[in-house]
Amino acid sequence: MNTPLNTSLTAQPDTGAPRKKHRNLAQSVVANIADSIRSGSSKPGDKLPTESELMRTQGVSRTVIREAISHLQASGLVETRHGIGTFVLAASSSSNFDIDPETVITMRDILAILELRISLEAEAAGLAAARRSDEQLAQMRMALDAFQKSAHERGDSVAADVQFHLHIAQATGNRYFVDILTHLGTTIIPRTRINSARLAHDDPAAYLDRVHREHEDIYNAIVRQDPETARAAMRTHLSNSRERLRKVQDSMALAS
């Protein structure tokens, strides 16, 4: 038997503020229902409440509810069975995200990913500085300590590097930052594709020490809850990585 959708999402109290535009109201209803589905509160096969019930809990008109349901249908989150009701759909196994980590092979590919990361993660660092919790800060610290330990023992520091960047993304409170970085996986760390320190004739220990200092600058700005400095530190860190790889690319071109 289908389980009714969680109806705990109630309308906000009237604060006397001007009523939102019709379109914004529909978007708000879409966001409330989509959040319930994505959080797992509403599972595939669950039936949405009736239009009348949604009107009551969301505090909007029937027209707004119907527009919101149309948006949810277009997004593939729900389907309406005429005469029966509207039901939550299972998440699609396909993805519209076009970056396939397995295709990030050439130096040009890696540099292109770094350009994406500079804009994406600089903003993530700023948001993390403004929004991070003490627990998230502790997770970043653990990742940094693990990175430094692996670097000193000449072990694999990539996993700790990835975790540090993912913890920053999580601290933004915006799941899309996490989704993108998780999708790319270890491809976001160039050393998993190419040993840039070796090709640049750089001492690996010195290289990792510089990376660690750059990480510490980012972390310290997040500790101080200084968004602008955090953005700048992350931009510097990733720009330095890009410049190191460009030098490698230039040396490879000369060698050929």
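Let me start with a term. Two aromatic rings, from Phe, Tyr or Trp, count as a pair if their centres lie within 6.5 Å. With that in hand, how many aromatic pairs does a search of the whole structure find? The count is 0. Keep in mind that this is a predicted model.

Now the overall layout. The protein chain has 256 residues, and 39% of them are buried. It holds 10 helices and 2 strands. Reading from the N terminus, the order is α-α-α-β-β-α-α-α-α-α-α-α. So much for order; next, contacts. Take the contacts between residues at least 6 apart in sequence. Of these, 74% join residues at least 24 apart.

On to the two strands. Strand β1 covers residues 78-81, and strand β2 covers residues 85-88. They pair in the antiparallel sense, over 4 bridges. Together β1 and β2 make a hairpin, with 3 residues between them. Look at Gly-83 in the turn: its phi is positive, about 85°. Arg-81 faces Gly-85 of β2 across the pairing. Arg-81 also lies over the face of Phe-87, 4.0 Å from the ring centre.

There is a second arginine over a ring, in another part of the chain. Here the pair is Arg-141 and Tyr-219. Arg-141 lies over the face of Tyr-219, at 4.8 Å from the ring centre.

Let's go inside. The largest nonpolar core has 33 residues. Which residues have the most contacts inside this core? They are Met-140, Phe-164, Ile-168, Ile-218 and Ile-222. Six elements are worth pointing at on the screen. α4 (107-131), α5 (134-152) and α6 (158-171) each give two or more residues to this core. So do α7 (175-184), α9 (204-223) and α10 (227-255). Which element gives the most? That is α4, with 10 residues.

Apart from this core lies another one, of 18 residues. Its members include Ala-34, Leu-54, Ile-69 and Leu-72.

Back to Met-140 for a moment. Set aside residues up to four places away in sequence. Met-140 then touches Arg-132, Phe-164, His-167, Ile-168, Ala-171, Tyr-219 and Ile-222. Three of those names should sound familiar: Phe-164, Ile-168 and Ile-222 are also on the list of residues with the most contacts inside the core.

Next, two residues in helix α9. His-212 has its place there, and so does Tyr-207. Are they buried or exposed? His-212 is buried, with a relative accessible area of 7%. Tyr-207 is buried as well, also at 7%. The cut-off for buried is under 20%.

What does His-212 contact, leaving aside neighbours within four places in sequence? It is in contact with Leu-144, Phe-147 and Gln-148. Ala-151 gives a reference point for both α9 residues. His-212 and Ala-151 are 61 residues apart in sequence, yet 8.9 Å apart in space, C-alpha to C-alpha. For Tyr-207 and Ala-151, the separation is 56 residues in sequence and 9.7 Å in space, again C-alpha to C-alpha.

Last topic: charges. Side chains of opposite charge can pair when their charged atoms come close. A search of the whole structure finds 16 salt bridges. I'll show a few.

Start with Glu-115 and Arg-246. Their closest N and O atoms are 3.9 Å apart. Why does this pair tie together parts that are 131 residues apart in sequence? Because Glu-115 lies in helix α4 and Arg-246 lies in helix α10. Glu-115 is partly exposed, at 44% relative accessible area. Arg-246 is partly exposed too, at 32%.

Arg-246 has another partner, Glu-243. That salt bridge has its closest N and O atoms 3.1 Å apart. These two residues are 3 apart in helix α10, so about one helical turn separates them. Glu-243 is partly exposed, with a relative accessible area of 35%. Salt bridges with shared partners join Glu-115, Arg-242, Glu-243 and Arg-246 into one network.

One more bridge. The side chains of Lys-149 and Glu-153 meet at 3.1 Å, N to O. Glu-153 counts as exposed, at 54% relative accessibility. That's my tour.

Conventions:
Residues are numbered from 1 along each chain as its sequence is written. This is a predicted model: local features need pLDDT of at least 70, side-chain atom pairs count only at pLDDT 80 or more; totals for chains, interfaces and linings use all residues. Side-chain values use heavy atoms; hydrogens and water are left out. A nonpolar core is a set of buried Ala, Val, Leu, Ile, Met, Phe, Trp, Tyr and Cys residues joined through side-chain atoms within 4.5 Å. Buried means under 20% relative accessible area, exposed over 50%, partly exposed in between (1.4 Å probe, protein chains only). Contact means heavy atoms within 4.5 Å. A salt bridge is a side-chain nitrogen of Lys or Arg within 4 Å of a carboxyl oxygen of Asp or Glu. Rings of Phe, Tyr and Trp (its six-membered ring) pair if their centres lie within 6.5 Å; planes under 30 degrees apart count as stacked, over 60 as edge-to-face and the rest as tilted. A charge sits over a ring if NZ of Lys or CZ of Arg is within 6 Å of the ring centre and within 35 degrees of the ring normal. Two strands pair if DSSP finds at least two bridges between them.
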